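Open your viewer and get ready to click around. This tour tells you what to select next and what you will find there.

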Amino acid sequence: MGSFSFLGAFTGLPLPEKLSVAAHGLFIILFIFFVSARAVFSFTGFQLSPGKDDRPGPVLIDGKVVLNRWFKVCIACCLYVLLLQLGLLGYQLVLSDYSAIYLPLIQSLAWLVLVLSVYNCKVKASGTFPSLTRLWWAVSFGLCGSNLYVDTKGLIDESHRVNSHLIANCISVPPLVLLCVAALRGTTGIELFRDEESLREPLVVEEEEEPGCLKVTPYDDAGLCSLATLSWLDPLLAIGAKRPLELKDIPLLAPKDRSKTCYKILSSNWERLKAENPSEQPSLSLAICRSFWKEAVLNAVFAGLNTVVSYAGPYLINDFVDYLGGNITYPHEGYILAGVFLGAKLIETLTSRQWYVGVDILGMHVRSALTAMVYRKGLRLSSLARQCHTSGEIVNYMAVDVQRIGDYSWYLHDMWMLPLQIILALAILYKNVGIATLATLIATIISILVTIPLAKMQEEYQDKLMAAKDERMRKTSECLKNMRILKLQAWEDRYRLKLEEMRNVEFKWLRKSLYSQAFVTFIFWGSPIFVSVITFGTSILLGHKLTAGSVLSALATFRILQEPLRNFPDLVSMIAQTKVSIDRISGFLQEEDLQEDATLSIPRGLTSNAIEIKDGYFCWDPLASSPTLSEIQLQVERGMRVAVCGMVGSGKSSFLSCILGEIPKLSGEVRISGTSAYVPQSAWIQSGNIEENILFGSPMDKQKYKSVLHACSLKKDLELLAHGDQTIIGDRGINLSGGQKHRSKGCSLLEPSIKMLIYIYSMIPSVLWMHIQEANYSRSIY
């Protein structure tokens, strides 16, 4: 091998092979020259004047690229010849026939360039192949034919014998014939279809919200190769490279990845766990595992494979060092070791990409499902449970706790991967340092055991921190809601000091939590050095001979083991924080719901009554000695108008709540016929204009819109406003009066048969009463 001369080997090649090597080499140089020149001119701003075939294809904006069979056949033929030349090159290397590697090496590079050139036509949606590519195909066909002719003539004359080049030429003839035909035709077969509707749109349009893309993400039906290489993202990245992405460019999530699907799966498993053991507290973590175990298992396969192949390098380093030192144990050992190193690194890269994408998707599924569960639970909370959980706490559940549980997917497999990595590391170390591996095991166990009390301490600190955060959020929310009273009473400084005091309490627990985490991190950042010193020191004391290969293998093992050991403090901290968050959300999900049988829905055709209450007993606190409302008898026929009047605190709000089913029913019966709508004492207003509040997400119907404006007596109000129904009402409707707020929201409640429930106190403004009298609601209740 040392006396081998590449120049001499090239000189000894037959003339046809010399021509093939020279031609393909020339084409590669020309391709690199043209690509480099185009990049330089593009950078300097100089515009080339490309030929007809080299002009870039149309930019895909409002259309789609369709590949016909002809283009697919062309790119398949190029890939076929490339793989054939790579196989021939590998065969010659195994045989150590270095004089015969010229042609397959140059042709492998040439066909790799051709594959990239053809794929670039797809990216640019070009209608014709580049001129250089077509000429290259034609020359390759001619060279292959001439080589095949010379080899066949030699076989007839018995001056040549069958070799790998002859077989390769015979096999590559059919795809080269097709590529020669493609070179003569010139067309790629790529078609660009544009949306005809978009061509008819005016150039200048009014600004309005653009609808999102209606196509489902390509990830849903991507093939194995596309998933492995993440090429399903290429169309979106190609659009983003040409112009900024817009909402219509982003595809929809696959049905299995949507929040609705994830919520149904998790909710069904949660309810099943509650039904299995009604007397025991159900486990939210078990429900999550049952819901998303398939994704977790698939990620575990990639994580385990990634862990195993990452130790192939340290395991074979000693053999590689021995080979470099001249100790060859079997033929072609160097090539085999290099191939194993390359293959292990490729597998490690592919599995790590799939692993990271998988944990992101798993975390998204968990977050979306838990967020939906917490939100729907907040809508169904009973009055007693609602007093224990403010809106600020519920927001914390969705913004902090759910996010933390979703992020735990990154640490999910570390619990079993760390023991696996330690076992593999000990096996490699035992091969290199012998019995000194026991010292490594003892040092590793000591490093892990030190963090156990710190983990318990961190869990306690995290629990106290979240409790302090909830308390501060509750008080801050109350201050913001009652800011007018604080301003009028000049209590700003007093409550500011209270909030700062609660913030200091929260900061105290945060400081303790971070200090403990920093201490654990300090221990494990030094643990790899500590373990390596203990290992080598014990090996020297025991008289074990350390070679260069064994030391390098041990150091490489320590380097790989260093990352999981350093990440162990984060794992301990994440487990503690996630456990606290799961316990908080689990406790919230087990709170009491509103009574499902508080009201009975009666079909409209069976009764003429809209509302009927018989012997109703209701109480906000079921444990109270006396009910809030007792012996309620009510019968409201459809079409009646009823006003509920009474002194302050007489139970008007509780009476309407029992009709809505929000107050616990002790006994009696509440029947509702038809649908109902409810206007609370404080109108719920969206930030935006009046029209958006009236429509409330419904499509615009001009005739219906005018009728509801008349029914709610809003026409006079809109005439007084400068911009009519396009007037911005400000945050929480600050620009509207109380009556205008109620009537604006009343417009969106005109569909139900029982149309409005309004509190009427002992003293009611005369203007609002006049609007109530003027409002023309059929079958309404006041």
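First, one term you'll need: a residue is called buried when its relative accessible area is under 20%. Cysteine 658 sits at 2%, so it counts as buried. Keep in mind as you explore that this is a predicted model.

**The whole thing**

Zoom out. You're looking at 28 helices and 6 strands. Of the 782 residues, 39% are buried. The protein exposes about 44600 Å², and carbon and sulfur atoms supply 63% of that. Now for how the chain folds back on itself: take the contacts between residues at least 6 apart in sequence, and 80% of them join residues at least 24 apart.

**Cysteines**

Stay with cysteine for a moment and select cysteine 479. It is at 10% relative accessibility, so cysteine 479 is buried. How many disulfides does a search of the whole structure find? The count is 0.

**Into helix 17**

Select residues 414-433, which form helix 17, and pick out alanine 425. Is alanine 425 buried or exposed? With a relative accessible area of 2%, alanine 425 is buried. Show what surrounds it: leaving aside neighbours within four places in sequence, alanine 425 is in contact with Tyr311, Thr557 and Leu561. Next, add tyrosine 315, which is 110 residues away from alanine 425 along the chain. Their C-alpha atoms are separated by 9.1 Å.

**A greasy patch on the surface**

Switch to a surface view and colour Ile435, Leu438, Leu441, Ile445, Leu449, Ile452 and Leu542. Together these residues make a nonpolar surface patch of about 630 Å². Helix 18 (residues 437-449) gives the most to this patch, with 4 residues. Click on isoleucine 452 too; this residue belongs to helix 19 (residues 451-481). Its relative accessibility is 43%, so isoleucine 452 counts as partly exposed.

**A hidden serine**

Jump to helix 22, residues 548-589, and find serine 581. Serine 581 has a relative accessible area of 0%, so it is buried. Which residues does serine 581 touch, not counting those up to four places away in sequence? They are Asp401, Arg404 and Ile405.

**The strands**

Now select strand 4 (residues 609-618) together with strand 6; the two pair in the antiparallel sense over 6 bridges. Look for isoleucine 613, whose bridge partner in strand 6 is valine 670. Isoleucine 611 has its partner in strand 6 as well, namely isoleucine 672.

Add strand 5 (residues 629-637), which pairs with strand 4, again antiparallel, over 6 bridges. Here isoleucine 613 stands opposite leucine 634. Strand 4 therefore has a partner in strand 6 and another in strand 5. Of the 10 residues in strand 4, 7 are buried, so this strand is largely enclosed by the rest of the structure.

Finally, bring in strand 3 (residues 600-602). Strand 3 and strand 6 (residues 665-673) run parallel and are joined by 3 bridges. For one of these pairs, look at leucine 600 and its partner in strand 6, arginine 671.

**Charged pairs**

Time to hunt for salt bridges; the count comes to 23. Begin with lysine 248 and glutamate 246, whose closest N and O atoms are 3.8 Å apart. Lysine 248 is partly exposed at 29%, and glutamate 246 is partly exposed at 32%.

Move to helix 10 (residues 259-276), where glutamate 271 and lysine 274 lie 3 residues apart, about one turn of the helix. They form a salt bridge too, with closest N and O atoms 3.5 Å apart. Glutamate 271 is partly exposed at 39%, as is lysine 274 at 28%.

Next, select aspartate 593 and arginine 380, a salt bridge whose closest N and O atoms are 4.0 Å apart. Aspartate 593 is in the loop between helix 22 and strand 3, while arginine 380 is in helix 14 (residues 333-380), so this pair ties together parts that are 213 residues apart in sequence. Aspartate 593 is partly exposed at 30%, and arginine 380 is partly exposed at 35%.

For your last stop, select Glu393, Glu471, Arg474 and Lys475. Salt bridges that share partners join these four residues into one network.

Notes:
Residues are numbered from 1 along each chain as its sequence is written. This is a predicted model: local features need pLDDT of at least 70, side-chain atom pairs count only at pLDDT 80 or more; totals for chains, interfaces and linings use all residues. Side-chain values use heavy atoms; hydrogens and water are left out. Buried means under 20% relative accessible area, exposed over 50%, partly exposed in between (1.4 Å probe, protein chains only). Contact means heavy atoms within 4.5 Å. Patches are made of residues with over 30% relative accessible area and no salt bridge: like charges are joined within 9 Å, nonpolar side chains (Val, Leu, Ile, Met, Phe, Trp, Tyr) within 5 Å. Accessible areas come from the Shrake-Rupley method with a 1.4 Å probe; for residues, only the protein chains shown count as cover. A salt bridge is a side-chain nitrogen of Lys or Arg within 4 Å of a carboxyl oxygen of Asp or Glu. A disulfide is a pair of cysteine sulfur atoms within 2.5 Å. Two strands pair if DSSP finds at least two bridges between them.
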